[in-house]
Structure formats: structure tokens, C-alpha cells
Amino acid sequence: MFLFDQLIFGPIHSRRLGLSLGVNLLPIDAKICSFNCIYCECGYNTTMQESPIPTREQVHEALEAKLKEMVAEGQIPDVITYAGNGEPTLHADFEEIIDDTIALRNQYCPTAKVSVLSNSTRIHKPNVFRTLNKVDNNILKFDSAIDRTMKLIDCPVGKEINVAWFVEHLKKFNGKLIIQTMFLCGEFKGESFDNTTDEEIEAWFKALEEIRPQQVMIYSLDREAPTKTLQKVSVEELNIIADKARERGFDVSVAG
Ligand code: SF4
């Protein structure tokens, strides 16, 4: 499995995002997440953890050093992305860290966007909701609008959570969010699933119509998944789904 072995990673060149600098707010030797997605490229959640979670001060120091170095080399990042080994909003100082990041961005690279990739499980928390409203790209996971499929694919940890809960809370962003959906099919624990069926896509459209995101990003498996019984959805199929979504008025991008 692939774990980010540093607090700051990159920059990497991405066709879609440009020059992207990543920040991992989780340990560098374990994945910690409020989902346990069967496709997660970081592997399944584990309690094995030797390295600590970085402090707000460590993030500030490391990010400032990296931005200074990049700017000195004439490398201006297009985006600073919070992703990494799990769910970034689990960090106790998430809001303060994002505030620091926005200040550093304004100081060193005002054209860069600040992005957060989150799995949406903590958007009911006032501080998380407030913080995600401050970033340029608030990218929130929504893999299926059918409970059985969402639970099978995303495996929420701890609390009982369902699609209606996600829709209710995602709506509260008033469109200031980007929905990210992973399309895939396969089998897990003896149950088969496919979130590209007509029934799934219809339910997904219905939910998107309520959520009204500014953009929708769809993708399929890229790196190795911890579950070996999954199948990638082809770029052609993703494009068919994207075209149908565009017909309904959504701004869709396909990562293939
Ligand atoms: S939400 Fe992201 S980090 Fe968490 S298990 Fe799913 S893919 Fe992995």
C-alpha cells in the first residue's frame, strides 16, 4: 500500500491541478480515517502507529520552509492540497492549520488555491464546516446515493451514518463544494456492487440536484487497492456518466 512518508509532499505536476503541493496531517506510518474505503490506496485503517500526528507548529514551519524554497526557485504552486494518510479534518487543530495555510499562501504565493480533500463525515461539526467554507476547493466525497452501496464501498467507522445524513449536511454549503465520486464495481465480503448502474446513477443525480455542487469530479481506481476483488470503470464509461451529468447542468471533470 502507498503511505505518504512526509508531512509535506511534492510538488507534483498534475494535468488537472497544475503544480500541486500536498500536506499530510496524519502520521507518516499509518492511515487514520473515519471511513475505511475498500479502494483506499493507503490501505485499511490500522491501530499500528509509531510516528505522531504533526502539530500545528510543525505544519506551519514545514509549509513555510517549503513555500520559501519553491518561491526562491521560481516554482509557484498552483494548489496546496490537504490529503494524505486519512481524513484531514480529524486533526484537532484543523481550523487553525487552515488559517495558517491561508496566511502563508497570501504571503508567499497569493495565486495558489488551498484545497481540502475530505470524506464528508465530519461536516456537521461547526468548526469543520466553518473551515471548509474558507478554502478555495472544498472537495467532498460522495460515492453513492444508495445506502447499501455507500456502506459497502466506504465502510464508515464508528457512528451510524447514511446517505440522507450526507445530503442534508452537504446542502448546507450552499453550492460552495466540489463533489468527488469514485466509480467502481466488484465484490466485497461476498456481496457484489456496482455504483454505475442506471439505478445508482439516477439516485446520484437526484442527490446532486439537492446538493447543487459547483463542480463534480469523477474517477475510478488508479493505484493498487487493499481489496483485490474490485474492478476499475473505464474512462469511456466515466465519460458517458459525465456527459449525462452535463446534460443535467453539472460541471463535471473526469480523472482517468
Ligand atoms: S476517505 Fe480517503 S483516506 Fe479515508 S479510507 Fe476513504 S479513500 Fe482512504
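**Two domains and a helix pair**

Me: Into which domains is the chain divided?
Reply: This is a predicted model, and its chain is divided into two parts. Residues 1-141 make up domain 1, while the stretches 144-155 + 172-256 together make up domain 2.

Me: How many residues of domain 2 are in contact with domain 1, and which strand gives the largest share of the side of domain 1 that touches domain 2?
Reply: The centres of the two domains, taken over C-alpha atoms, are 23 Å apart. On the side of domain 1, 19 residues take part in the contact, and they meet 23 residues of domain 2. The largest share of that side of domain 1, five residues, is supplied by residues 137-141, which form strand 5.

Me: Which classes of residue occur on the side of domain 1 that touches domain 2?
Reply: Sorted by class, this side of domain 1 holds three charged residues and five polar ones, together with 11 nonpolar residues.

Me: Are helix 1 and helix 2 roughly parallel or roughly antiparallel?
Reply: Helix 1, residues 56-72, packs with helix 2, residues 94-108, at an angle of about 20 degrees, and their axes lie 10 Å apart. Because angles under 35 degrees count as roughly parallel, the arrangement of helix 1 relative to helix 2 is roughly parallel.

Me: What is the hand of the crossing of helix 1 and helix 2, and how many charged residues does their contact have?
Reply: The two helices cross in a right-handed sense. Helix 1 contributes residues including V59, L63 and L67, and helix 2 contributes I97 and L104, among others. By class, the contact has seven nonpolar and two polar residues, and the charged ones number five.

How values were computed: Residues are numbered from 1 along each chain as its sequence is written. This is a predicted model: local features need pLDDT of at least 70, side-chain atom pairs count only at pLDDT 80 or more; totals for chains, interfaces and linings use all residues. Domain bounds come from an automatic or database domain assignment. Two residues are in contact if their C-beta atoms, placed from the backbone, lie within 7 Å. Helices (H or I, at least four residues) and strands (E, at least two) are DSSP runs, numbered from the N terminus. Ala, Val, Leu, Ile, Met, Phe, Trp, Tyr, Cys and Pro count as nonpolar, Asp, Glu, Lys and Arg as charged, and the others, Gly among them, as polar. Axes are lines fitted to C-alpha atoms, for helices over the stretch in contact, and angles run from 0 to 180 degrees between N-to-C directions. Angles under 35 degrees count as roughly parallel, over 145 as roughly antiparallel, 65 to 115 as roughly perpendicular and the rest as oblique. A crossing is left-handed if the near helix is turned anticlockwise from the far one by less than a right angle, and right-handed if clockwise.
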